[in-house]
Amino acid sequence: MSATSAPPAGLRVGYVLKMYPRFSETFIVHEILHQEALGTEVEIFSLRLPVDGRFHEALADVRAPVTYLAREHKVAPFWDELATAAALVPEVCEHLDELLASPPDEALAAVQVAAAVRRNGLQHLHAHFGSVATAVARLAARLTGIGYSFTAHAKDIFHEDVDRSALSDRLRDASAVVTVSDYNLDHLRDEHGTAADRVVRLYNSVDLERFPYQPKGERAATPRLAAVGRLVEKKGFADLLRATSLLTEAGREVHVDLVGAGPEEARLRRLVGELGLTAQVTLHGALPQSRVHEVVAAAEVLVAPCIVGADGNRDGLPTVLLEGLALGTPTVATPVTGIPELVRHGETGLLVPESSPAELAAAVLRILDDREGAARRAFAARRLLEAEFDIRQHARELHEIFRAAVDEPARDVAS
């Protein structure tokens with residue numbers, strides 16, 4: 001092994017991420033924390049600097065060092081990085097054609113990651129989202145001869161801008177690919193054929209100890225509805241506001257706590273004004289996870305009115321649904337992508353067609369007016385989470401996926 005220290009005894013995995021930390025991607029933070037709890041030594045590579053000054057408390061518990069990869073395209077820095085990488089990874093020269101065929105920032109990031117792989121004895125690379133982060137992990141893995149894997153979520157597989165040929169390549173030659181729902185798994189197999197043969201479904205999951213189940217107590221005079229997520233089209237929050245207007249017109253008092261920030265904020269604020277809901281709706285902006293926890297736990301209903309965006313983008317399996325159901329908050333959602341695998345209509349929650357404010361309002365009323373039925377479904381949801389969405393179990397499964405990927409070359413040689 002040229003310029004490489006002896007492999008350490010533990011599993012050492014490099015996480016390649018587009019941006020770390022990202023306020024809306026707490027699931028990545030918790031995944032890393034649970035990998036570290038299992039003994040995995042993690043090193044994080046971020047392609048972008050964080051742009052949000054707000055951070056979740058759990059970040060303080062992550063031990064993994066973070067490297068922010070250079071995006072400098074000037075010749076001299078690029079040449080310096082290439083020379084440094086080539087000293088540690090002589091195979092860089094053998095893959096010069098692939099580097100030259102890649103966008104400059106991805107090529108530069110890949111040689112930096114490759115150098116770190118050799119310098120620090122990393123055994124495997126894992127990326128989240130099958131787009132640019134996976135492209136960098138794939139190229140760095142090819143330079144160093146180790147394996148890579150990635151988790152496919154939603155925008156990276158559904159959006160109209162997805163490069164389907166590139167995604168097929170990544171599905172085909174990754175050591176392993178994880179996706180977060182059976183819906184996603186079927187979609188990948190339908191769209192990418194045999195390239196997706198080795199994709200496995202590992203549900204987005206929740207730390208059940210951090211979200212203890214609590215049956216609803218006395219109801220406040222004005223029931224509160226909670227909705228959480230980035231303020232983007234696919235979340236369908238405009239439908240929630242229109243449903244709230246219908247409830248108000250019907251003489252029902254409710255208050256909506258809408259948590260999140262994003263490009264649709266101005267539009268949603270205008271809609272609140274146009275519908276005369278300034279007293280019924282609070283737009284909180286983005287909140288730390290502890291406050292989100294409080295808002296969802298205090299709500300009578302958690303609403304996730306997701307839709308398929310005009311650009312094809314859609315949610316995978318929203319983390320807030322897992323957290324809300326874990327807490328015992330009755331839920332109404334739409335049957336977009338993998339949501340029905342969690343919110344099973346009439347069993348663990350209520351589903352209504354997307355883009356249907358009237359049916360959304362009716363489902364909210366059903367929860368408010370039938371507390372016994374809502375409590376029964378909430379309890380069933382908690383049992384489902386314990387059986388299939390436990391982050392500790394999923395962390396062990398992902399750890400085994402990493403371990404198998406590391407062992408794979410040895411099995412090939414042996415065969």
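Which residues of strand β6 (residues 176-179) point one way, and which the other way? Let's work through that and a few more exercises together.

This is a predicted model, in which local features need pLDDT of at least 70, side-chain atom pairs count only at pLDDT 80 or more, and totals for chains, interfaces and linings use all residues. Residues are numbered from 1 along each chain as its sequence is written, and side-chain values use heavy atoms, with hydrogens and water left out.

**Exercise 1. Sort the side chains of β6 and find its neighbours.**

Step 1. Strands (E, at least two residues) and helices (H or I, at least four) are DSSP runs, numbered from the N terminus. In β6, Ala176 and Val178 point one way, Val177 and Thr179 point the other way, and all are buried. Buried means under 20% relative accessible area, exposed over 50%, and partly exposed in between (1.4 Å probe, protein chains only).

Step 2. Two strands pair if DSSP finds at least two bridges between them. Strand β5 (residues 147-152) runs parallel to β6 and is joined to it by four bridges; here threonine 151 stands opposite valine 178.

Step 3. Strand β7 (residues 199-201) also pairs with β6 in the parallel sense, over three bridges, and arginine 201 of β7 is the bridge partner of threonine 179. From β6 the chain crosses through helix α8 (residues 182-192) to β7, in a right-handed β-α-β crossover. Right-handed means that, with the strands pointing away from the viewer, the path from the first strand over the helix to the second runs clockwise.

**Exercise 2. Describe the surroundings of valine 200.**

Step 1. Valine 200 is found in strand β7 and is partly exposed, with a relative accessible area of 34%.

Step 2. Leaving aside residues up to four places away in sequence, valine 200 touches Val177, Val178, Thr179, Leu185 and Ile401. Contact means heavy atoms within 4.5 Å.

Step 3. Valine 200 and valine 177 are 23 residues apart in sequence, and their C-alpha atoms are 6.3 Å apart.

**Exercise 3. Lay out the six-stranded sheet.**

Step 1. The open sheet has the order β10-β9-β8-β11-β12-β13, with parallel pairing. Its edge strands, β10 and β13 (350-351), each pair on one side only.

Step 2. Four bridges link the parallel strands β9 (residues 255-259) and β10 (residues 281-285), with valine 259 opposite glycine 285. Together with helix α10 (residues 265-274), β9 and β10 make a right-handed β-α-β unit.

Step 3. In β10, Val281, Leu283 and Gly285 point to one face and are buried, whereas Thr282 and His284 point to the other and are not.

Step 4. Strands β8 (residues 224-228) and β11 (residues 301-304) pair in the parallel sense over two bridges, and alanine 226 stands opposite leucine 302.

**Exercise 4. Is helix α5 (residues 132-144) largely enclosed or largely open?**

Step 1. Eleven of the 13 residues of α5 are buried, so the helix is largely enclosed by the rest of the structure. Among them are Val132, Val136, Leu139 and Leu143.

Step 2. Just after α5, glycine 145 takes a positive phi of about 80°.

**Exercise 5. Place the domains.**

Step 1. An automatic or database domain assignment gives the bounds: domain 1 (12-205 + 391-407) and domain 2 (208-389). The contact between them takes 25 residues from domain 1 and 24 residues from domain 2.

Step 2. Taken over C-alpha atoms, the centres of domain 1 and domain 2 are 32 Å apart.
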